[in-house]
Amino acid sequence: MATITADQVKKLRDQTGAGMMECKSALTEANGNFDEANTILRTRGLASAAKKAGRTASEGLIGSRVTPDHTAGTLVEVNCESDFVARTPDFQELVQKVLDEIDRAGDAANDAWLKDPNSPIQKLLAAKIAKLGENMAIPRFVRYAGHGYVGQYIHLGGKIGVQVELSGVTPAISGKEDLATLVKELAMQIAALNPTYVTRETVPAEVLEKEKSIYRAQMEGSGKPANVLDKIIEGKLGSFYSQVVLPDQPSIRDPKMPVKDVIASANKALGASVAVTRFVRLKVGEAGQ
C-alpha cells in the first residue's frame, strides 16, 4: 500500500476541486495513481450529483459575457439551492467556466449539448455538486452571435440578466457614448418591465384575437353599435401593446415618453438608424416555475 503524502493530496485537490478527505481516500484506493484517483473522484461526483438531483435548486446567478466588439454575447442561468452558495467564489468560478465552455462550443452549443451527460457542462456541474454539497443545474442559456450589436445588463446582483441585440450599428457609432447609453437604457427597461415582443407586428395573431375576444365579452350587452365597439377595442389594444411591446412601453426614465421615442432621439443624436432586433430576459429560478 503506497503512503499518501499531503503534497499528493494537495495536488489532486488542485486538479479536481474535491475536498481534502475525498482526495486522500481516492488516492489511497488508487494506491497513489493520480489518473485512477481522478477517475474515482469523477465517478463519486456523478453519483453524488445523482443523489442530490431531486432537491430544489432555485437560487443562483445569471452569468453574462459579451465580446469586446459586441458582436456576440451569452447569458446563462446557473442554479443552486441557497443564496449563500451562490455568493461563494467556487460557485462564481463555475459560472465563468460554464461561459468558457459555451464560448468554446460556439454554434454547436445548444440545448441538447447542454443536457448531454457527457458534455463538459455536466462534468463541471458534477464536480461542483460533489465539492459544495448542493444540487445545481444549468437549465438554459441564450447566445447571440454575428447578427448585430449585442449589449447586456445585470440587475439585482446577478438575479436578472438582459441581453439585447441592435441592427444599424455601424463602426462609426459603435464606440459612441450615446449608443452605450441607449443600450443600457433599453436593457434596464427590459429588466424592469419585462416586455414580450420586439414590435407590434411580432405579436401572434392568436394572441391579438384572444385579447379582442376578452374586450368584446366585457362590452356584451352595452348596446353600442359594431363600429363603435371596434374603435373601443382598438383603443384597448393600444393599452395592451404598451404593456407587452418594447417600443410601445412607457420609458422607465420618462413615463410620458414611449421607448420608440427614446430610440428615435438616440438615432437623431447618433445620425443612425438603430433598431432592436431581439432581446431576452432571464431571471433566476424562473425556468423551474
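These legends walk through several views of a predicted protein model.

**View 1. The whole chain, with its helices and strands.** Welcome to the full predicted model, in which the protein contains 11 helices and 6 strands. Its radius of gyration is 25 Å, well over the 19 Å that the globule rule gives for 289 residues, so the protein is more spread out than a compact globule. If you are setting up a box around the C-alpha trace, the spans along the principal axes are about 95 × 55 × 30 Å.

**View 2. Surface, burial and charge.** Here we turn to the outside of the protein, which exposes about 15,300 Å². Carbon and sulfur atoms supply 53% of that exposed area. Of the 289 residues, 42% are buried. Among contacts with a separation of 6 or more, 64% are between residues 24 or more positions apart. For those thinking about electrostatics, the protein carries 36 positive and 35 negative side chains, and the centres of these two sets lie 2 Å apart.

**View 3. The largest nonpolar core.** This core has 25 residues, and Leu-166 and Val-276 touch the most other members. At least two residues come from each of β4 (149-155), β5 (160-167), α8 (177-193), α11 (259-270) and β6 (275-283). Helix α8 gives the most to this core, with 7 residues.

**View 4. A closer look at Leu-166.** Which residues are in contact with Leu-166, leaving aside its neighbours within four places in sequence? On one side of the numbering are Gly-148 and Tyr-149. Further along the sequence, Leu-166 is in contact with Leu-179, Val-183 and Leu-186, and also with the run Val-274, Ala-275, Val-276 and Thr-277. Val-276 is thus a familiar name here, since Leu-166 and Val-276 touch the most other members of the largest nonpolar core.

**View 5. A second nonpolar core.** Separate from the core around Leu-166, there is a second one of 22 residues. Among its members are Val-76, Trp-113, Ile-121 and Ile-129.

**View 6. Asn-79 and its surroundings.** Is Asn-79, a residue of strand β2 (residues 72-80), buried or exposed? Asn-79 is buried, because its relative accessible area is 5%, under the 20% cut-off. Beyond its neighbours within four places in sequence, Asn-79 is in contact with residues including Ala-57, Glu-59, Gly-60 and Phe-91. Its contacts also include Asn-135, Met-136, Ala-137 and Pro-139, as well as Val-284 and Gly-285. For a distance to try in your viewer, the C-alpha atoms of Asn-79 and Leu-61 are separated by 6.6 Å, and these two residues are 18 residues apart along the chain.

Methods. Residues numbered from 1 in each chain as written. Predicted model: local features only at pLDDT ≥ 70, side-chain atom pairs only at ≥ 80, totals over all residues. Heavy atoms only, no water. Helix = DSSP H or I, 4+ residues; strand = E, 2+ residues; numbered from the N terminus. Rg over C-alpha atoms; globule rule 2.2 N^0.38 Å. Buried < 20%, exposed > 50% of the residue type's maximum accessible area, 1.4 Å probe, protein only. Contact = heavy atoms within 4.5 Å. Areas by Shrake-Rupley, 256 points an atom, 1.4 Å probe, with all protein chains shown as cover. Lys, Arg positive; Asp, Glu negative; His and termini not counted. Charge placed at Lys NZ, Arg CZ, Asp CG, Glu CD. Core = buried A, V, L, I, M, F, W, Y, C linked by side-chain atoms within 4.5 Å.
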